[in-house]
Amino acid sequence: MRSHRRSRFILLSLALALVCVTQAHAGTLVLPRAGQVGLAFSGQGGTLLSSGDFGKEFGTGGGIQVQLRYRMRFERAMGLTFGMLRLAAREPSGLESAAFDSTQGSPPARREQLRFNTAGVEFYQLFDTRQPTTKMLSAGFGLVQTSARLSDGDTQFPKAGDGFYLSAGAGLEKFVWHSLAWDLGARYMAIFHDGTMNHDVQLHTGIVFYAAY
């Protein structure tokens, strides 16, 4: 519950900040060009489909995401993405699991929350880059570090270690003031871990700023 409240607070704060900036400043837009780097900060929500070792046990949650985007020629871009997502257990579960080592933790403890830390590379195809709203399609890959929070406060790690992911997504940048834009997107992640595939669907919203030089 605490992580859900924190996620809602982050998303609401970002939305209010964007509204204030939009209303307070109706200045000239400065659209990014090839060679510029953008920094995006977003709140995100995600859900695991009920398949795979993780999806059978954990459901929905929220987190944060930070991205670096480098604009290239021919309406393309590439970047680095770092994210943290905390997913609540569908039901408090015991220590017997195909994904987790049953020897960790004390017997009465239950897994209450799954945490994904991700780091990866994404490639973008952009559309309407000379318009105030830029659309994009993305594809990427990266590493996933996984851990579970137990009811006794301990942390449990999967016996197979880290995994990796492949992703595909779509989004837009809506420029509202100079080089500041509202960043909105959706992404599907196929997470491969210990020979199984988990399916994660994410939505994110936040702001992105392109440095001028």
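**Exercise 1. Which side chain meets that of Lys135 in a salt bridge?**

Solution. This model is predicted, and every value below is computed from it. To begin, look at the side chain of Lys135, which meets the side chain of Asp128 in a salt bridge with a distance of 3.0 Å from N to O. Next, place the two partners on the scale of accessibility, where partly exposed covers the range between 20% and 50%. Lys135 has a relative accessibility of 37% and therefore counts as partly exposed, and Asp128, with a relative accessible area of 35%, is partly exposed too.

**Exercise 2. Find the salt bridge between Glu173 and Arg69, and decide whether its two partners are buried or exposed.**

Solution. Start with the distance, which is 2.6 Å from N to O between the side chains of Glu173 and Arg69. The pair links distant parts of the chain, since Glu173 belongs to strand β7 and Arg69 to strand β2 (residues 58–72), with 104 residues separating them in sequence. Then turn to accessibility, for which the cut-off for buried is under 20%. Glu173 has a relative accessible area of 0% and so is buried, while Arg69, at 3%, is therefore buried as well. As a last step, follow the charges beyond this pair, and you will find Arg69, Arg71, Glu173 and Asp183 linked in a network of salt bridges. Side chains of opposite charge can pair when their charged atoms come close.

**Exercise 3. Which strands hold Arg149 and Glu112, and how many residues apart are the two?**

Solution. First confirm the contact itself: the side chains of Arg149 and Glu112 meet in a salt bridge of 3.5 Å, N to O. This pair links distant parts of the chain, with Arg149 in strand β5 and Glu112 in strand β4, 37 residues apart. Arg149 is partly exposed, because its relative accessibility is 40%, and Glu112 is likewise partly exposed, with a relative accessible area of 35%. By the rule used here, the structure's salt bridges come to seven.

**Exercise 4. Trace the chain through β7, β8 and β9, and describe how these strands are joined.**

Solution. Begin with β7 (residues 163–177) and β8 (residues 180–193), which run antiparallel and are joined by 13 bridges. Within this pairing, Ala170 stands opposite Ala186 of β8. The two strands form a hairpin with two residues between them, and in its turn His178 has a positive phi of about 50 degrees. Continue from β8 to β9 (residues 196–210), which also run antiparallel and are joined by 14 bridges. Here the bridge partner of Leu180 is Phe209, in β9. Once again the strands form a hairpin with two residues between them, and Asp194 in the turn has a positive phi of about 55 degrees.

**Exercise 5. Which elements give two or more residues to the largest nonpolar core?**

Solution. Consider first the core as a whole, which has 15 residues, with Leu48, Phe54, Phe58, Leu87, Phe100, Leu114 and Phe116 having the most contacts inside it. The elements that give it two or more residues are β3 (76–93), β4 (111–127), β5 (133–150) and β8. Of these, β3 gives the most, with three residues. Now examine Phe54 on its own: leaving out residues up to four places away in sequence, Phe54 touches a set of residues that includes Leu48, Phe100, Leu114, Phe116, Pro158 and His193.

**Exercise 6. Locate Leu31, and list its contacts away from its neighbours in sequence.**

Solution. Leu31 is found in the loop between α1 (2–24) and β1 (37–48). Because its relative accessibility is 19%, Leu31 counts as buried. Setting aside neighbours within four places in sequence, Leu31 is in contact with Gln36, Thr129, Arg130, Gln131, Pro132 and Phe175. The last of these, Phe175, is 144 residues from Leu31 in sequence, yet their C-alpha atoms are 7.6 Å apart in space.

**Exercise 7. Which residues lie nearest the centre of the largest cavity?**

Solution. The structure holds two cavities of 30 Å³ or more, and the largest contains about 130 Å³ of space. Its lining has 17 residues, of which Gln67, Ser138, Ala170, Ala186 and His204 lie nearest the centre. Finally, ask which strands surround this space: β2, β4, β5, β7, β8 and β9 each supply at least two residues of the lining. Ala170 and Ala186 have already appeared above, as residues that stand opposite each other.

Technical notes: Residues numbered from 1 in each chain as written. Predicted model: local features only at pLDDT ≥ 70, side-chain atom pairs only at ≥ 80, totals over all residues. Heavy atoms only, no water. Pairing = 2+ DSSP bridges. Helix = DSSP H or I, 4+ residues; strand = E, 2+ residues; numbered from the N terminus. Core = buried A, V, L, I, M, F, W, Y, C linked by side-chain atoms within 4.5 Å. Buried < 20%, exposed > 50% of the residue type's maximum accessible area, 1.4 Å probe, protein only. Contact = heavy atoms within 4.5 Å. Salt bridge = Lys/Arg side-chain N within 4 Å of Asp/Glu carboxyl O. 1 Å grid on protein atoms, 1.4 Å probe; cavity = no way out; pocket = protein on both sides within 12 Å on 5 of 7 lines; lining within 4 Å. Points joined across faces, edges and corners; volume = space filled by probe spheres on them.
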